[in-house]
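I opened this one to practise reading a fold from the inside out. My plan is to start with the core and then work through a sheet and the overall shape.

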Amino acid sequence: MARRNAARNASAQGTPATAALAAAGVSFVLHPYDHDPAAASYGAEAAALLGVDPARVFKTLMVEVDGRLAAGIVPVSGTLDLKAFAAAMGTKKAAMADPAAAQRRTGYVLGGISPLGQRLPSPTVLDSSALSLESMLVSGGRRGLDIELAPADLVRLTDAATAAISSA
């Protein structure tokens, strides 16, 4: 992954996610793209427009577990396995969060929810497939912006657990 000055990148795009990375001194690369509001899948759109393998582009999904919200981060090439997510959270059931509740909790719009810089941090589980990657991409906090970073940095900054939570 190419390394750039994190502070310069953060000021250029100015999202809570980029600010969190800059404040932590984490190396990252911004990948802006022209988002099409008619796109059916934000993650697939990002992978296609950026020319990146969809297995390296991850989506952040907000999930309700035992009455609280948590974040599941999975490759855009797969889907979140709610049963596996619940098990990773130490409970029996999980359901996709209400979109409005997800936006209120994170401070981000759907399609731009980043696991970084959320208004209220949430328990987080990252799909274990990310651990085999040198770098991965996640939303930068708005539609049309992805951030490339090392999976280990994402785990550290979100205090994420890792588990096999994605199904093809």
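First, a term I need: a nonpolar core is a set of buried Ala, Val, Leu, Ile, Met, Phe, Trp, Tyr and Cys residues joined through side-chain atoms within 4.5 Å. Buried, for my purposes, is under 20% relative accessible area. I also note that this is a predicted model.

**Entry 1: the core.** I looked up the largest nonpolar core and found 25 residues in it. Leu126, Met136, Val138, Ile147, Leu149 and Leu154 have the most contacts inside this core. Next I checked which elements feed it: H2, strand S2 (58–65), strand S3 (68–75), helix H5 (99–106), S7 and S8 each give at least two residues. There is another core apart from this one, with 13 residues, including Val74, Ala84, Ala86 and Met89. My textbook reminder: in soluble globular proteins, nonpolar side chains tend to be buried together.

**Entry 2: one residue up close.** Which residues is Ile147 in contact with, leaving aside its neighbours within four places in sequence? I got a list of Ala17, Thr18, Leu21, Phe28, Val29, Leu30, Met136, Leu137, Val138, Ser139 and Gly140.

**Entry 3: the sheet.** I then traced an open sheet of three strands, in the order S1-S8-S7, with antiparallel pairing. Strand S1 (29–32) and strand S7 (136–142) each have a single partner strand, so they stand at the edges and one side of each has no neighbour in the sheet. On average, neighbouring strands here are turned by 35 degrees against each other, ignoring direction. S7 and strand S8 (residues 145–149) run antiparallel and are joined by five bridges. I picked out one facing pair there: Ser139 stands opposite Asp146 in S8. Helix H2 (residues 16–24) packs on the sheet and touches S1, S7 and S8. The direction of H2 makes about 25 degrees with that of S8.

**Entry 4: stepping back.** I counted up the protein chain and got six helices and ten strands. Is its radius of gyration what a compact globule would have, or not? A compact globule of 168 residues would be near 15 Å, and the protein chain has 15 Å, so the two agree. The C-alpha trace spans about 45 × 30 × 30 Å along its principal axes. Of the 168 residues, 47% count as buried. I also looked at contacts between residues at least 6 apart in sequence: 61% of them join residues at least 24 apart. Last, the accessible surface comes to about 7700 Å², and 53% of that belongs to carbon and sulfur atoms.

Methods: Residues are numbered from 1 along each chain as its sequence is written. This is a predicted model: local features need pLDDT of at least 70, side-chain atom pairs count only at pLDDT 80 or more; totals for chains, interfaces and linings use all residues. Side-chain values use heavy atoms; hydrogens and water are left out. Two strands pair if DSSP finds at least two bridges between them. Helices (H or I, at least four residues) and strands (E, at least two) are DSSP runs, numbered from the N terminus. Axes are lines fitted to C-alpha atoms, for helices over the stretch in contact, and angles run from 0 to 180 degrees between N-to-C directions. Contact means heavy atoms within 4.5 Å. The radius of gyration is taken over C-alpha atoms; the globule rule is 2.2 Å times the number of residues to the power 0.38. Buried means under 20% relative accessible area, exposed over 50%, partly exposed in between (1.4 Å probe, protein chains only). Accessible areas come from the Shrake-Rupley method with a 1.4 Å probe; for residues, only the protein chains shown count as cover.
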